[in-house]
Amino acid sequence: MKIKVRRFHPRFDPPSIDMEYEVPDGLVLLEALDLIKSQRDRSLTYRSMCRSGVCGSCAVRVNGKEVLACEYKVQHGDYVEPLSVVDVIRDLVTDKSKALTTLARAKAYPLDMAQVQMSEEDIKLIERQSDCILCTSCYSSCPVYEEKPAFLGPFALTRVYRYVADKREQAKKEHIDEVIEDGIWDCTLCGNCTEVCPQGIDPKNDILMLQSWAAKFGHFNPNMSSFGSFGLEF
Ligand code: SF4
Ligand code: SF4
């Protein structure tokens, strides 16, 4: 079968070209890329590490949708591209550093943790968000991040919700205050991030939960101001 890979190199003219490769049936994408590199084109550049869906380093787009190359089974005619909305360094390797700075900007870390006994139910509330592998697929799929690079974005907001929902965290209001500007109200709740997350995390729902916490602390959705008050009580 044949697949196409979008190749990029700043010194190419034009810098981006599509190249077609023949690969055998039954491979996952990372195996196909390995085979192309070892037997056909040593210049093909991509990133991988754990090869088992744990590190998130091999995230790319196939036919416009974000996948982990180590998990995706190749189909005839697939079109493989780097993640979107980030700078491409070369071929399928992107610069994730801008997206990762959102964690610091959103203060997505513990602020004031008390020593409190956690029940199994308490842990269940925050364990899924803790599984994020920072693959940045959710940023690549996010239409708001594409239009507005200052948007804090899905995984940073999910990580903030992880602390807001944590029974031990005492600084819930401080967390919420940090994600008002360029944060929770900018999200359109389109659900793309939830759809592409390889870890089954639901950033859309976590952002919705942050919005309810924000209303509880007296913040109101600026996009709703023209509709007046709904008399919400918490
Ligand atoms: S739900 Fe919000 S954060 Fe997720 S992709 Fe859509 S706009 Fe972006
Ligand atoms: S939330 Fe999911 S898609 Fe986003 S970086 Fe974490 S693991 Fe990847």
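**Contacts of K2 and the two domains**

Me: Which residues does K2 touch, leaving out those up to four places away in sequence?
Reply: K2 touches E20, Y21, E22, H76 and G77, where contact means that the C-beta atoms, placed from the backbone, lie within 7 Å. This is a predicted model, in which local features need pLDDT of at least 70, side-chain atom pairs count only at pLDDT 80 or more, and totals for chains, interfaces and linings use all residues. Residues are numbered from 1 along each chain as its sequence is written, while chains are lettered from A and ligands numbered from 1 in the order in which they are written.

Me: Is K2 buried or exposed?
Reply: K2 is exposed, because 10 other C-beta atoms lie within 10 Å; exposed means 12 or fewer such atoms, buried 20 or more, and partly exposed in between, with C-beta atoms placed from the backbone.

Me: Which strand is K2 found in?
Reply: K2 belongs to strand β1, residues 2-8; strands are DSSP runs of E, at least two residues, numbered from the N terminus.

Me: Changing topic, what does the domain assignment give?
Reply: The protein chain has domain 1 (2-94) and domain 2 (97-227), with bounds from an automatic or database domain assignment. Their C-alpha centres lie 30 Å apart.

Me: How many residues does the contact take from each domain?
Reply: The contact takes 14 residues from domain 1 and 14 residues from domain 2.

Me: Which elements give two or more residues to the domain 1 side?
Reply: These are β3 (59-62) and β4 (65-68). The largest share of that side, 3 residues, comes from β4.

Technical notes
Helix = DSSP H or I, 4+ residues; strand = E, 2+ residues; numbered from the N terminus. Contact = placed C-beta atoms within 7 Å.
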